[in-house]
Amino acid sequence: MKVNSQKRDAVVSIKHFRMDFGKKTVVKDLSFDVYKGEVFGFLGSNGSGKTTTIRALLGLYQPTDGKLLINNEPFSVSSKIKLGYLPEERGLYKKESVIDTMVYFGRLKGLSKTDAKKRAENFLERVNLTDKTNLRLDKLSGGEQQKIQLGITVMNNPDILILDEPTKGFDPVNRRLLMNIIEEHQKAGATVIFVTHQMEEVERLCDRAILLKNGTAYAYGTITEIKEKFGGASLDDIFIKVYGDENNAEENQ
Amino acid sequence: MYNLGTVFSFEFIRTIKKKSFWIMSILFPVIIGVVFAIEYFSNQTTMQATEDTAGQVFSIEITDQSGLINNDIASAFGAKISADKQASINKVANGQLDACFFYPDNLDKNTVEVYAKDVGIFNNSRYQSVATTILQQSIAPIVDAETTAILKNSVVYNSTTYRNGKQSNSIKELIAPGIFLVLFYILIVMFGNQMLTSTTEEKENRVTEMILTTIDAKTLIVGKILSLIALAFVQVLAILIPIILAYILFRNQLALPNFDLSNIPIDPIRVSIAAAIFAFSFLLFTGLLVAIGAIAPTAKEAGSFFGIIMIFLFGPLYAVTLFVSMPDSPIVRFLSFFPLTAPIPLMLRNAVGNLAISDAIIGIVILMISSVVALSIAVRLFRYGVLQYSSRLSLSVLLSKSKK
């Protein structure tokens, strides 16, 4: 289902995407665009196909059918797109130091060693982790490790930022810090795809959003359009209305 | 292969910085050194013990049914002749005697019995030495010198062999190509586990998605393999340098044989064949271990597959005599050309000089093709298996990906 057909520059374009795992269809027929410079909310209950779609978009999964394009071409690491991706599955090289890991990823993203080190140090200062620079990652708390992973995600000043449940596990202070960082990148011109369950974050940050249900787009458009479709309810209420039945059905099984 | 250098240097530096890498590197020559030291001190102790024993006089009684024992010789060792074996045993048991020996008739069928005071695990053998010496010295006047030498098992043999009309030295010729076999064994034993965990690490640390959206899987794998090869080179140097230094500095003290390296024959063809077999075998097993790491969800689970690979690889060592004596037998040919078992038979046969050039070429080609296939499969498995965080990659999933 595609409700918004506004003519704008689509940075991400997904057409009739279908994904089967064996006999199980996770995504049926999904189409949507993400426009340049917007913050796009990618919403859905657990198992609705959000992460699968992101992984297929980034070439980690081969789609069963359909086209998933970034800047009009399938994504590959050689396509020189400045991408920042924070996956849902969090993790880093736990036995390496913070700075070595950040510099390594910075270099993989095309930065020089000096530049990568400088940006890493600036980020660590920004998130109050300067004193952890030379510590091994497994000596950091879970929240601190997440901050490092976010730092790695944004250290190349990406044009496209894909964040899969970025606030998961963050306390309110760090959640606010994360939101500020995302806003800064959006203001600098980045396109942000934001996968989350936090509806207040969507209302605060997102221009448009899509709600996935049963492997298809249940609602898609600007935040205002989605709210109007459901009679002006808050996104929280809409989420409960759309996915509450699913959860009840699961509980009754 | 953009970023290959970055992956290589990251993997190389982070491993070389680990204490465990250097502990392993140092441990090997240290163990060798300890073995040499034990042997040296053991020899010294034995020599000292023999000297001590020679000077000592024990209280011994001998009951001789063989009729071979010379009374004068027995007396020289402080032994007295006793007609009553049981009485002598009782004296030993009561502490009145150090030992008593019983020489039965028909020594070729019956055993010499030694009864002695317990003087500790390392000293108890001295009484048997005395019993043996008394017997040997007693029979020396009876038989001729040649028979005595045979009985003492002390004949020294000197062999001279010829190949293609020229005098040859199989042992020396074995050294140069044989080094590759030893090197391969050491590398697999020391690096096998590291090869295995090099890909499970990304999966266990959940870092795969970030890596694979930044760098091509093939570049990552090749970078890892190159770093492993470089690390192996460093480790070999770390092992060899202390051994060579120890040899040069302590050769005389340890009574090590004097190796004249200039006398070691180097057959360029056999050495080249050994090098080629070594290189492709190393690549093949690196590919296999990386592939196992890619399909197994954890290093622990990968370990059980590792065991199977090691059985294939080192299992042929049990048939080592066959490789040397029956190189044309069907089983030797099968083990030489089956990719998983081929490295040891091929390198061993090449070292002992019974690997025909045609067999060597076939073996090298098989290993080369297998290593390329194994590395390609490893990259593919890594590509599709790394997102299976909690389960093993199934064949059906892999095949369904392959069709696309």
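**Entry 1: a helix pair in chain B**

I began with helices H1(B) and H9(B), and I note that their crossing is right-handed; the model I am reading is a predicted one. For the geometry I looked up the axes of H1(B) and helix H9 (residues 217-250) of chain B, which pack at an angle of about 40° and lie 8 Å apart. H1(B) is therefore oblique to H9(B). I then listed the residues that make this contact: H1(B) brings Leu4(B), Val7(B), Phe8(B), Glu11(B), Phe12(B), Thr15(B) and Ile16(B), while the residues from H9(B) include Leu220(B), Gly223(B), Lys224(B), Ser227(B) and Val234(B). Sorted by class, the contact of H1(B) with H9(B) holds 11 nonpolar, four polar and two charged residues.

**Entry 2: where chain B touches chain A**

I next turned to the contact between the chains, to which chain B gives 20 residues and chain A gives 22 residues. Which elements of chain B give two or more residues to the side that touches chain A? I found helix H1 (4-16), helix H8 (208-212) and helix H16 (395-403) of chain B, and H1(B) is thus a helix I had already met in its packing with H9(B). By class, I recorded eight nonpolar, six polar and six charged residues on the side of chain B that touches chain A.

**Entry 3: chain A as a whole**

For chain A I noted a secondary structure of eight helices and nine strands. I checked its radius of gyration, 19 Å, against the value near 18 Å for a compact globule of 253 residues, and the two agree. Along the principal axes, I found that the C-alpha atoms of chain A fill a box of roughly 50 × 40 × 35 Å. Of the 253 residues in chain A, I see 42% listed as buried. Among contacts in chain A between residues at least 6 apart in sequence, I recorded that 69% join residues at least 24 apart.

**Entry 4: two positive phi values in chain A**

I kept the backbone for the end, since most residues other than glycine have a negative phi. I noted His16(A), whose phi is positive and near 50°, and I placed His16(A) in strand S1 (residues 10-21) of chain A. Is His16(A) buried or exposed? I count His16(A) as exposed, because 12 other C-beta atoms lie within 10 Å. Glu165(A) also has a positive phi, near 50°, but I located Glu165(A) in the loop between strand S6 (160-164) and helix H5 (172-187) of chain A. Glu165(A) has 18 C-beta neighbours inside 10 Å, so I entered it as partly exposed.

Technical notes:
Residues are numbered from 1 along each chain as its sequence is written. Chains are lettered from A and ligands numbered from 1 in the order in which they are written. This is a predicted model: local features need pLDDT of at least 70, side-chain atom pairs count only at pLDDT 80 or more; totals for chains, interfaces and linings use all residues. Helices (H or I, at least four residues) and strands (E, at least two) are DSSP runs, numbered from the N terminus. A residue is buried if 20 or more other C-beta atoms lie within 10 Å of its own, exposed if 12 or fewer, and partly exposed in between; C-beta atoms are placed from the backbone. The radius of gyration is taken over C-alpha atoms; the globule rule is 2.2 Å times the number of residues to the power 0.38. Two residues are in contact if their C-beta atoms, placed from the backbone, lie within 7 Å. Ala, Val, Leu, Ile, Met, Phe, Trp, Tyr, Cys and Pro count as nonpolar, Asp, Glu, Lys and Arg as charged, and the others, Gly among them, as polar. Axes are lines fitted to C-alpha atoms, for helices over the stretch in contact, and angles run from 0 to 180 degrees between N-to-C directions. Angles under 35 degrees count as roughly parallel, over 145 as roughly antiparallel, 65 to 115 as roughly perpendicular and the rest as oblique. A crossing is left-handed if the near helix is turned anticlockwise from the far one by less than a right angle, and right-handed if clockwise.
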